[in-house]
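Student: I should like to work through this model by asking what justifies each term used to describe it. Might we begin with strand pairing?

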Amino acid sequence: MTPMNQQEKDEKYMHRCLQLAANGRQNAKPNPMVGAVIVATDENGTERIIGEGYHQRFGEGHAEVNAFASVCPDDEPLLRLATIYVSLEPCSHYGKTPPCADLIIRKGVRRCVVGCIDPFSQVQGRGIGKLRDAGIEVTVGVLEDECQWINRRFFTFHREHRPYIILKWAQSADGFIDKDFHPVMISNAVTQVLSHKLRAEEDAILVGHTTADRDRPQLTVRHWQGPDPKRLVLTHNRPLPQLMDDLYLHGVQSLIVEGGARTHQSFLDAGLWDELRVETAPVTLGNGTKAACIPKEAAVKDCQVYDQHTLVTLVRR
């Protein structure tokens, strides 16, 4: 077997960081999901993981703190030649916990590999700068796209000052979201569960006033475990930019827009979307409300099929 080069090793351990980070999906909010792995070579020349951790809960220890805490006493001497991998730039400021960059420096590791830079205004490269000033070798941008994707809600919130917006709908094979302008169940049992899983992962959910009055949707997590999202109804006199400002001020990092077609189109026309989730069922309805038009700048990110129902995720190019 050909030995891995340094880039391959870095990507291998960053993949592990991302696996760990995903465990904080529910409880790390509003902080980002972050994973950390500490790798060292022992006295036998064997490279191995000696510590790992993730940000488990908002207000508690960050990934780096938990990774160092997991190192057993016998492995402590190995830290001076170790590399710490972190999916997001270590923080450099005092918040609810002390700066992780200071902890890394104090532990005396030789190298730090960072997945992507933190867009939060109090970090934004300062953590990396502090490590380099302390003489630690820093590599940035390993699996950068993947590290940005897992925290796309957090990044959008801090960069755009609005939530990450997911437009979601189910349509028939001929492109209708209802039949003769009356509600009809298009999703199947599996895709309905996946829809409720998505609700549990996002902060808020919105429908237009017509959908709210006609369909009376519960907008809850009934077929999945997790918290219900905040429920919002868009009225005629509520401009979308004002809504975005209000959601930002209330700390809402992600928003699902479930309908109807006019509401979806208003978000698309305003350029207020980051992701589309479109389910197409193997049925023909013939008449009713046409689904919103998918914009040209949308690119397929993922496609799955569940009992002939196709779920496509699209993102901006």
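Tutor: Let us begin with β6 and β10, which run parallel and are joined by six bridges. The model is a predicted one.

Student: What makes β6 and β10 a pair of strands?

Tutor: Pairing requires at least two bridges between the strands. β6 and β10 have six bridges, so they pair. One of the contributing positions is Trp169, whose bridge partner in β10 is Val278.

Student: How do you know that β6 also pairs with β9?

Tutor: Four bridges join β6 to β9, and at least two are needed, so these strands pair as well. They run parallel. The bridge partner of Ile166 in β9 is Ile256.

Student: What is the case for pairing β7 with β9?

Tutor: Strand β7 (residues 204-208) and strand β9 (residues 254-259) share four bridges in the parallel sense; the cut-off is at least two, so they too count as paired. Here Ile205 has Ile256 in β9 as its bridge partner. Ile256 is thus named as partner of Ile166 and of Ile205.

Student: What is the strand order of the sheet?

Tutor: The sheet is open, has seven strands and mixed pairing, and follows the order β8-β7-β9-β6-β10-β12-β11.

Student: Why are β8 and β11 said to stand at the edges?

Tutor: β8 (230-234) and β11 (298-306) each have a single partner strand, so one side of each lacks a neighbour in the sheet. From one strand to the next, the twist averages 20°.

Student: What makes β6 a mostly covered strand?

Tutor: A residue is buried when its relative accessible area is under 20%. Eight of the eight residues of β6 meet that condition, so the strand is described as mostly covered.

Student: Which residues show that both faces of β6 are covered?

Tutor: In a regular strand, side chains alternate between the two faces of the sheet. On one side of β6 are Tyr164, Ile166, Lys168 and Ala170, and on the other Ile165, Leu167, Trp169 and Gln171; all are buried.

Student: Which strands does helix α6 lie across?

Tutor: Helix α6 (residues 152-160) lies across β6 (164-171), β9 and β10 (275-280), and runs at about 125° to β6. Helix α9 (residues 240-249) also packs on the sheet, touching β6, β7, β8 and β9, with its direction at about 165° to that of β8.

Student: Which residues of α6 are called buried?

Tutor: They are Arg152, Arg153, Phe154, Phe155, Thr156 and Phe157. Just after α6, His161 takes a positive phi of about 55°.

Student: What is known of the largest pocket?

Tutor: Its volume is about 1,100 Å³. Of its 39 lining residues, Thr211, Arg214, Asp215, Glu258 and Gly259 are the closest to the centre. Its lining divides into 13 nonpolar, 17 polar and nine charged residues.

Student: Why is Gly259 placed in the polar class, and Asp215 in the charged class?

Tutor: The classification counts Gly among the polar residues and Asp among the charged ones, so Gly259 and Asp215 of this lining are assigned accordingly.

Student: How is the lining of the second largest pocket made up by class?

Tutor: The second largest pocket holds about 600 Å³ of space. Among its 25 lining residues, those closest to the centre are Lys197, Leu198, Arg277, Asp302 and Thr313. By class, the lining has nine nonpolar, four polar and twelve charged residues. α7 gives the most to this lining, with six residues.

Definitions and conventions: Residues numbered from 1 in each chain as written. Predicted model: local features only at pLDDT ≥ 70, side-chain atom pairs only at ≥ 80, totals over all residues. Heavy atoms only, no water. Axes fitted to C-alpha atoms, helices over the stretch in contact; angles between N-to-C directions. Contact = heavy atoms within 4.5 Å. Buried < 20%, exposed > 50% of the residue type's maximum accessible area, 1.4 Å probe, protein only. 1 Å grid on protein atoms, 1.4 Å probe; cavity = no way out; pocket = protein on both sides within 12 Å on 5 of 7 lines; lining within 4 Å. Points joined across faces, edges and corners; volume = space filled by probe spheres on them.
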